[in-house]
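Here are my notes on the model you sent over. Have it open while you read, and find each residue as it comes up.

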Amino acid sequence: SVLYIGEHKDFDEVEDLMAQYNVKKCVVDALPETRAVQKFCNKFIGRAHFCYYSGLKEVKKNEWFKIDGQKVNTDRTLSLDISTNEIKQQEIELPENIGDFTDFKQHCKNLIRTVSETKAGNKIAEYVKVGEDHYRHSFNYATIAKHIFDKRVDPDVFII
């Protein structure tokens, strides 16, 4: 379940959310504020990870992200496919305050999956941004955090 959706100006406010919701795992975008992200993750070692969409070259069954300490690498398209599937399968519950964030649904619609063909004839799938997509990527990171936590125990709380 997603219990909270909100916008915050700095990591101090996110730290408060970590305590308020007793967050067990979170994943944040590693870019562009790498120093601030590293500082935040260092305060929550074992609970906070930073993610790079690095385009994993080889993916084994159920291994669509790789963890190296605090760093998580995943393929952008594959991870968005997985979190999109959770939305389509209605495997998530949205918080009571979802009505306060009308942009959430629009951000989810602002990434369009396309398939194109390379000069060599290979097909490539990718998500194309057609508008603001911050909430969509936040949901993607929350999905990654949930799957990291699922490897250990049942998920508790995820914040977008």
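1. Let's begin with a pocket, the second largest one. Two elements, α3 (76–88) and β6, each supply at least two residues of its lining. Of the elements, α3 gives the most to that lining, with four residues. Do keep in mind as you look around that this is a predicted model.

2. Who else is in the lining of the second largest pocket? Its lining residues are Asp 81, Thr 84, Ile 87, Lys 88, Cys 108, Leu 111, Ile 112, Arg 113, Tyr 127 and Arg 136. Sorted by class, that makes five nonpolar, one polar and four charged residues. The volume of the second largest pocket is about 180 Å³. If you wonder how anyone finds such a space, rolling a probe the size of a water molecule over the atoms shows where empty space is left.

3. Leu 111 deserves a visit, as one of the residues lining that pocket. You'll find Leu 111 in strand β6, which covers residues 111–117. Is Leu 111 buried or exposed? Its relative accessibility is 7%, so Leu 111 counts as buried, the cut-off being under 20%. Not counting residues up to four places away in sequence, Leu 111 touches Arg 76, Leu 80, Tyr 127, Val 128, Lys 129, Asp 133, Arg 136 and His 137. Try a distance too: Leu 111 and Val 130 are 19 residues apart along the chain, and their C-alpha atoms are separated by 6.2 Å.

4. Now hop over to Leu 80, one of the residues that Leu 111 touches. Leu 80 lies in helix α3. With a relative accessibility of 0%, Leu 80 counts as buried. Which residues does Leu 80 contact, leaving aside its neighbours within four places in sequence? They are Leu 111, Tyr 127, Arg 136, His 137 and Asn 140. Another pair to check is Leu 80 and Phe 139: they sit 59 residues apart along the chain, and 9.2 Å separates their C-alpha atoms.

5. Back to β6, and this time to its partner. Strand β7 (residues 123–129) runs antiparallel to β6, and seven bridges join the two. To see one facing pair, look at Thr 114, which stands opposite Glu 126 in β7. The hairpin of β6 and β7 has five residues between the strands, and in this hairpin Gly 121 takes a positive phi near 90 degrees. While you're here, a bit of background: in a regular strand the side chains alternate between the two faces of the sheet.

6. Some other strands pair in the parallel sense. Strand β2 (residues 26–29) does this with strand β3 (residues 48–53), over four bridges. Val 27 stands opposite His 49 in β3. Between them comes a helix to trace: β2, helix α2 (residues 34–43) and β3 make a right-handed β-α-β unit. Then β3 has a further parallel partner in strand β5 (residues 71–74), joined to β3 by four bridges. Here Tyr 53 stands opposite Thr 74 in β5.

7. Two loops have backbone details that are easy to miss. In the loop between β2 and α2 you'll meet Pro 32. The peptide bond leading from Leu 31 to Pro 32 is cis, with omega near 0 degrees. The other spot is Asn 22, in the loop between α1 (11–20) and β2. Asn 22 is not a glycine, yet its phi is positive, at about 50 degrees. Asn 22 counts as partly exposed, with 42% relative accessibility.

8. Please look at helix α5 (residues 134–150) as well, where Thr 143 is found. How buried is Thr 143? Its relative accessible area is 2%, so Thr 143 is buried. Setting aside neighbours within four places in sequence, Thr 143 is in contact with Trp 64, Ile 82, Ser 83 and Glu 86.

9. Finally, step back to the whole protein. Its secondary structure comes to five helices and eight strands. Read from the N terminus on, the elements run β-α-β-α-β-β-β-α-α-β-β-α-β. The protein has 160 residues, and 36% of them count as buried. As for contacts between residues at least 6 apart in sequence, 51% join residues at least 24 apart.

Terms used:
Residues numbered from 1 in each chain as written. Predicted model: local features only at pLDDT ≥ 70, side-chain atom pairs only at ≥ 80, totals over all residues. Heavy atoms only, no water. Buried < 20%, exposed > 50% of the residue type's maximum accessible area, 1.4 Å probe, protein only. Contact = heavy atoms within 4.5 Å. Pairing = 2+ DSSP bridges. Right-handed = clockwise from strand over helix to strand, strands pointing away. 1 Å grid on protein atoms, 1.4 Å probe; cavity = no way out; pocket = protein on both sides within 12 Å on 5 of 7 lines; lining within 4 Å. Points joined across faces, edges and corners; volume = space filled by probe spheres on them. Nonpolar A, V, L, I, M, F, W, Y, C, P; charged D, E, K, R; others polar.
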